[in-house]
Amino acid sequence: MAGRVQDRVCVVTGAAAGIGRAVAGRLAEEGGRVALADIDAEGAERAAAEIPGSAAFAVDVTDPASVEALYASVRERFGSVDVCHNNAGILLPDDTDPPATDLDVWNRILAVDLTGVFLCMKHQLPHLLETGGGSIVNMSSMVALIGSATPQTAYAAAKGGVLAMTREVAITYARSGVRCNALCPGPVDTPLFRNALAADEGGLERRMVHIPMGRLGAFDDIAGAVLYLASDDSAWTTGQALVVDGGITAAYTTPA
Ligand SMILES: NC(=O)c1ccc[n+]([C@@H]2O[C@H](COP(=O)([O-])OP(=O)(O)OC[C@H]3O[C@@H](n4cnc5c(N)ncnc54)[C@H](O)[C@@H]3O)[C@@H](O)[C@H]2O)c1
C-alpha cells in the first residue's frame, strides 16, 4: 500500500537529533524520500544510515549560501523538492526576560529560529514551485501563543515571527500549489528541552501541573502532526498553526 507521502522528496532541517530525526524516520516509513539536513553533519550521516532511501546534507540554516546549496543539492540528488519541514532550532538558557538577556543571545536565537526559517523558505520556494508544489511545515511553538512566567523572550519572539511568516507565505502561494502551515508543540521530551531544564530548578514540576494530559510530548506525537500537514490529508489547510500540546493552551485549570 502506498504511504501518505509516497515518493515525495521531504527535506527536514535539524534532522540529526530530537524531533527532526523522529520526523525524518516517520516520513520515510510513509514512503518519503528524505533529506536529513543539519549543522551536525556527522549526526545527520548517522541518522540517514538508519533510514532507508534517505541522504544526509550539511547545512547551517543561518548561512544564506549554505541554505541555497542545500535545496539545490537535494533537487540534484532526488529530482524535486515536495515537503519541507523547517525544524532546526535552538533554545539557550541565557534567554530570559529583556533586561537579563544579552543582545548576543537574542541575535543567536533569532538567527537560527527565525532567520533560519526565512532563509529555508527563500531558497526552497523556487524549487517547490518549479517541481509541482508541495507542503511547508514550519516549526513554531506553544510559546508563540501563550506567555510564561519562565520567560524566553528571544525564543518566543522568534517562534511568533515564524507564525506570522507562515501565514504570509500561505496566502501568497495559496493558488500556486504550495501550502504552508506551522506546528506549535508544547514541551516535548527532547535533549533541547532537558538542557533548558538543567538551569531551571523545579522547572519540570512547574510545567507538569499545566499539562491536562499529565505527560510531556513524545516524538511520535509531533511526527504524526508533521505527517498530517505534509500529506494530502491536510490538502485544504494552509496558513494554520496546529497546536500539539496535551491540552495546555485549552486549559484554565487542569485535573488534580
Ligand atoms: N523540545 C521541545 O519541547 C519543543 C517544543 C516546541 C518546539 N520545539 C522546536 O522543535 C524544533 C526541534 O527541537 P528539538 O527539541 O528536537 O531540538 P534538538 O536540540 O534535539 O534538535 C535540534 C537540531 O537542530 C540542529 N541545529 C541547530 N542549529 C542549527 C543550524 N544553525 N543549522 C542547522 N541545524 C541546526 C541541531 O544540530 C539539532 O540536531 C526546534 O525548532 C524547537 O524550537 C521544541
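Me: Why does Thr 13 count as buried?
Reply: Its relative accessibility is 1%. Buried means under 20%. The value falls under that cut-off, so Thr 13 is buried. Keep in mind that this is a predicted model.

Me: Where is Thr 13 placed?
Reply: Thr 13 sits in strand β1.

Me: What makes the pair of Thr 13 and Ala 88 a polar contact?
Reply: A polar atom of the Thr 13 side chain lies 3.0 Å from the backbone nitrogen of Ala 88. The cut-off for such a pair is 3.5 Å. The distance of 3.0 Å is within it, so the pair meets the distance limit.

Me: Which residues are closest to the ligand?
Reply: Ile 19, Asp 38, Tyr 155, Val 188 and Thr 190 are the closest. In total, 28 residues surround the ligand. A residue joins this shell because one of its heavy atoms lies within 4 Å of the ligand.

Me: How do you know that Ile 19 makes a polar contact with the ligand?
Reply: A backbone N or O atom of Ile 19 is 2.8 Å from a ligand oxygen. The limit is 3.5 Å, so this pair counts. Asn 87 also offers a backbone N or O atom, 2.8 Å from an oxygen atom of the ligand. For Ile 39, the partner is a nitrogen atom of the ligand. That nitrogen is 3.3 Å from a polar backbone atom of Ile 39, which means this pair is within the limit too.

Me: How much of the ligand does the protein bury?
Reply: The protein buries 91% of the ligand's area. Taken alone, the ligand exposes 830 Å².

Me: Which helices supply at least two residues each to the shell around the ligand?
Reply: They are α1 (18–29), α5 (153–172) and α6 (191–198). The largest share, three residues, comes from α6.

Me: How do the shell residues divide by type?
Reply: There are 17 nonpolar residues, eight polar and three charged. Asp 38, one of the closest, belongs to the charged class because Asp counts as charged. Ile 19 and Val 188 are also among the closest, and they count as nonpolar because Ile and Val are on that list.

Me: How do you know that Cys 180 is in no disulfide?
Reply: The count of disulfides comes to zero. For Cys 180, the nearest cysteine sulfur belongs to Cys 84, 9.7 Å away. A disulfide needs two sulfur atoms within 2.5 Å, so this pair does not qualify. Cys 184 is in no disulfide either: its nearest cysteine sulfur, that of Cys 180, is 12 Å away.

Me: Are Cys 180 and Cys 184 buried or exposed?
Reply: Cys 180 has 0% relative accessibility, so it counts as buried. Cys 184 is buried as well, with a relative accessible area of 0%.

Me: Which residues touch the most other members of the largest nonpolar core?
Reply: Phe 57, Leu 70, Tyr 71, Val 74, Met 121 and Ile 136 do. This core has 41 residues. Elements that each supply at least two of them include β1 (9–13), β2 (33–38), α3 (64–78) and α4 (103–130). The largest share, eleven residues, comes from α4.

Me: Is Gly 116 buried or exposed?
Reply: Gly 116 lies in helix α4. Its relative accessibility is 2%, so it counts as buried.

Me: What makes Ala 157 partly exposed?
Reply: Ala 157 lies in helix α5. Its relative accessible area is 34%. Buried means under 20% and exposed means over 50%, so 34% falls in between.

Me: Why does Gly 186 count as buried?
Reply: Gly 186 is placed in the loop between β6 and α6. Its relative accessibility is 12%, under the 20% cut-off, so it is buried.

Me: Where is Ser 234 found, and why is it called buried?
Reply: Ser 234 is in the loop between α8 (219–230) and β7 (241–244). Its relative accessible area is 1%, so it is buried.

Me: What is the sign of phi in Asp 7?
Reply: Phi of Asp 7 is positive, near 65°. Most residues other than glycine have a negative phi. Asp 7 is placed in the segment before β1.

Technical notes
Residues are numbered from 1 along each chain as its sequence is written. This is a predicted model: local features need pLDDT of at least 70, side-chain atom pairs count only at pLDDT 80 or more; totals for chains, interfaces and linings use all residues. Side-chain values use heavy atoms; hydrogens and water are left out. A polar contact is a pair of N or O atoms within 3.5 Å; within protein, one must be able to donate a hydrogen and the other to accept it, and residues adjacent in sequence count only if both atoms are side-chain atoms. Accessible areas come from the Shrake-Rupley method with a 1.4 Å probe; for residues, only the protein chains shown count as cover. Helices (H or I, at least four residues) and strands (E, at least two) are DSSP runs, numbered from the N terminus. Buried means under 20% relative accessible area, exposed over 50%, partly exposed in between (1.4 Å probe, protein chains only). A nonpolar core is a set of buried Ala, Val, Leu, Ile, Met, Phe, Trp, Tyr and Cys residues joined through side-chain atoms within 4.5 Å.
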